[in-house]
Amino acid sequence: MSMSTDVVLYQELTADNGKKIAVATLNSEKSLNALSLPMVESLLPQMQAWKDDPSIAMVLLQGAGDKAFCAGGDIRDLYQAMKESPDYYHPYVEEFFTKEYTLDYLIHTFDKPVLVWGNGIVMGGGLGLMAGASHRVVTGSSRIAMPEMAIGLYPDVGASWFLNRMPPGCGIFLGLTGASINAADAKFIHLADHFILHEDKPALVDKLLTVKWGETVALNHQKLSDVLRGAEEQCRTKMPLSQIRPHQSTITALADINSLPQVISAINAIEGDDKWLVKAKQSLAYGSPITAHIVFKLLQLGQSKILADSFRLELGISVQCGQLGEFQEGVRALLIDKDLTPKWQYPSVAEVPAEVIELLFSSPWPDNEHPLKDLGLLDS
């Protein structure tokens with residue numbers, strides 16, 4: 001059986017023993033499957049229905065085409081909304097992030113196996129979908145990043161949770177530089193579980209249809225893991241070399257630095273002339289000083305937060321960013337006018353007033369009116 005909408009394609013594949021594998025395909029190849037509000041609004045009820053349907057053994061989430069799983073959030077509509085209301089945050093901003101984070105949280109807490117096929121570009125909102133999946137596959141072309149420094153936003157979609165669960169120093173380095181990582185890096189920093197060649201996906205799906213899926217969720221997780229491990233064994237030698245490991249000791253040392261200006265100085269002082277490191281430093285120099293402060297504080301706060309609280313905190317920051325103007329200017333410079341000369345509100349991290357960051361971290365709503373107040377309360 002197959003169903004379709006304009007933005008997400010749905011299939012239910014019947015395995016040999018009658019159980020079903022549900023497949024959702026982000027279907028916006030021209031935009032590299034950028035995550036739009038209609039996509040989120042389509043996926044939320046469908047994922048919930050699959051969660052409740054006893055005939056569904058597992059879910060596969062993938063992107064149309066061969067270039068990207070999902071290149072991030074579709075922020076052009078957000079830009080227009082921010083432009084329309086420069087003096088207050090537009091309701092669309094709250095709606096977009098509330099629904100996106102609800103979907104991300106649903107994937108994190110989905111009891112059945114969720115396999116995300118992280119082929120090609122996986123950035124921003126795409127990483128939000130992938131990070132919470134139980135089984136995360138990367139391929140030879142996987143290029144993963146949280147490049148929000150460049151648009152005056154910050155690594156959101158649960159990044160305050162998952163950046164803190166990486167090896168020491170990696171979260172702050174990747175958050176501040178937006179550095180793009182490959183399959184080997186993704187496995188090293190716990191953002192991916194298996195490396196499989198993209199061309200092996202059809203054979204893998206065929207194999208999954210022969211699995212004797214059962215009623216026990218834990219056993220279904222194990223069965224999927226076994227199939228993925230077997231597929232990985234066939235192509236382990238094809239995995240690219242890690243870009244992080246050559247700089248691991250200096251990146252690790254960043255975790256012990258308690259001052260943002262000193263962290264930035266330490267990143268700029270990392271020795272090496274490889275393209276990956278040079279580009280990371282260039283991205284750090286280009287990015288918003290306000291965003292740098294958000295990343296630094298978010299990582300400190302995130303260490304003590306449960307997952308639902310992380311999303312609640314991020315929603316407040318995202319809505320405040322929608323009002324501040326830095327986010328709007330970053331999108332303008334990178335994606336609208338494409339002049340690559342953002343006029344950030346402050347020229348350096350040293351000149352960002354503490355009260356600006358305090359405002360960004362203050363919730364726009366009373367606790368009992370927070371749009372995500374019920375997140376996590378209904379989990380079984």
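Q: Against which helices do the buried residues of helix 15 pack?
A: In this predicted model, local features need pLDDT of at least 70 and side-chain atom pairs pLDDT 80 or more, while totals for chains, interfaces and linings use all residues. Residues are numbered from 1 along each chain, and side-chain values use heavy atoms, without hydrogens or water. In helix 15, a DSSP run (helices are H or I, at least four residues; strands are E, at least two), the buried residues (under 20% relative accessible area, 1.4 Å probe) are Glu-326, Phe-327, Glu-329, Gly-330, Val-331, Arg-332 and Ala-333. These buried residues of helix 15 pack, with heavy atoms within 4.5 Å, against helix 2, helix 3, helix 12, helix 13 (289-302) and helix 14 (307-324).

Q: Which residue just after helix 15 takes a positive phi?
A: Helix 15 covers residues 326-336, and the residue in question comes just after this helix. With a phi of about 55°, the residue that takes the positive value is Lys-338.

Q: Which helix gives the largest share of the lining of the largest pocket?
A: The largest pocket (an open set of 1 Å grid points with protein on both sides within 12 Å along at least five of seven lines, lined by residues with an atom within 4 Å of a point) is lined by 42 residues, of which Ala-71, Met-123, Pro-147, Leu-334 and Leu-335 lie nearest its centre. At least two lining residues each come from helix 2, helix 3, strand 7 (121-123), strand 9 (143-145), helix 12 (275-286) and helix 15. The largest share is 6 residues, and these belong to helix 12.

Q: What volume does the largest pocket have?
A: The volume is the space filled by probe spheres set on the grid points. For the largest pocket, whose lining includes residues from strand 7 and strand 9, the volume is about 1100 Å³.

Q: How is helix 2 oriented relative to helix 3?
A: Asp-77, Leu-78, Ala-81 and Met-82 of helix 2 make the contact with Tyr-92, Val-93, Phe-96 and Phe-97 of helix 3. Helix 2 (residues 76-84) and helix 3 (residues 91-108) have axes 8 Å apart and pack at an angle of about 150°. This angle makes helix 2, relative to helix 3, roughly antiparallel (over 145 degrees).

Q: How is helix 6 oriented relative to helix 11?
A: Ile-172, Phe-173, Leu-176 and Thr-177 in helix 6 meet Leu-260, Val-263, Ile-264 and Ile-267 in helix 11. The axes of helix 6 and helix 11 (residues 260-268) lie 11 Å apart, and the packing angle is about 85°. This angle makes helix 6, relative to helix 11, roughly perpendicular (65 to 115 degrees).

Q: Which elements give two or more residues to the lining of the largest cavity?
A: The largest cavity (a set of points where a 1.4 Å probe fits but cannot get out) has a volume of about 80 Å³. Its lining holds 13 residues, of which Leu-127, Ala-145, Met-146, Leu-163 and Leu-174 lie nearest the centre. The elements that give two or more of the lining residues are strand 9 and helix 6 (170-177).

Q: Which helix gives the most to the lining of the second largest cavity?
A: The second largest cavity, with about 40 Å³ of space, is lined by Pro-155, Ala-159, Ser-160, Leu-163, Val-295, Leu-298 and Leu-299. Helix 5 (159-162) and helix 13 each supply at least two of these residues. With 3 residues, the helix that gives the most is helix 13.

Definitions and conventions:
Axes are lines fitted to C-alpha atoms, for helices over the stretch in contact, and angles run from 0 to 180 degrees between N-to-C directions. Angles under 35 degrees count as roughly parallel, over 145 as roughly antiparallel, 65 to 115 as roughly perpendicular and the rest as oblique. Buried means under 20% relative accessible area, exposed over 50%, partly exposed in between (1.4 Å probe, protein chains only).
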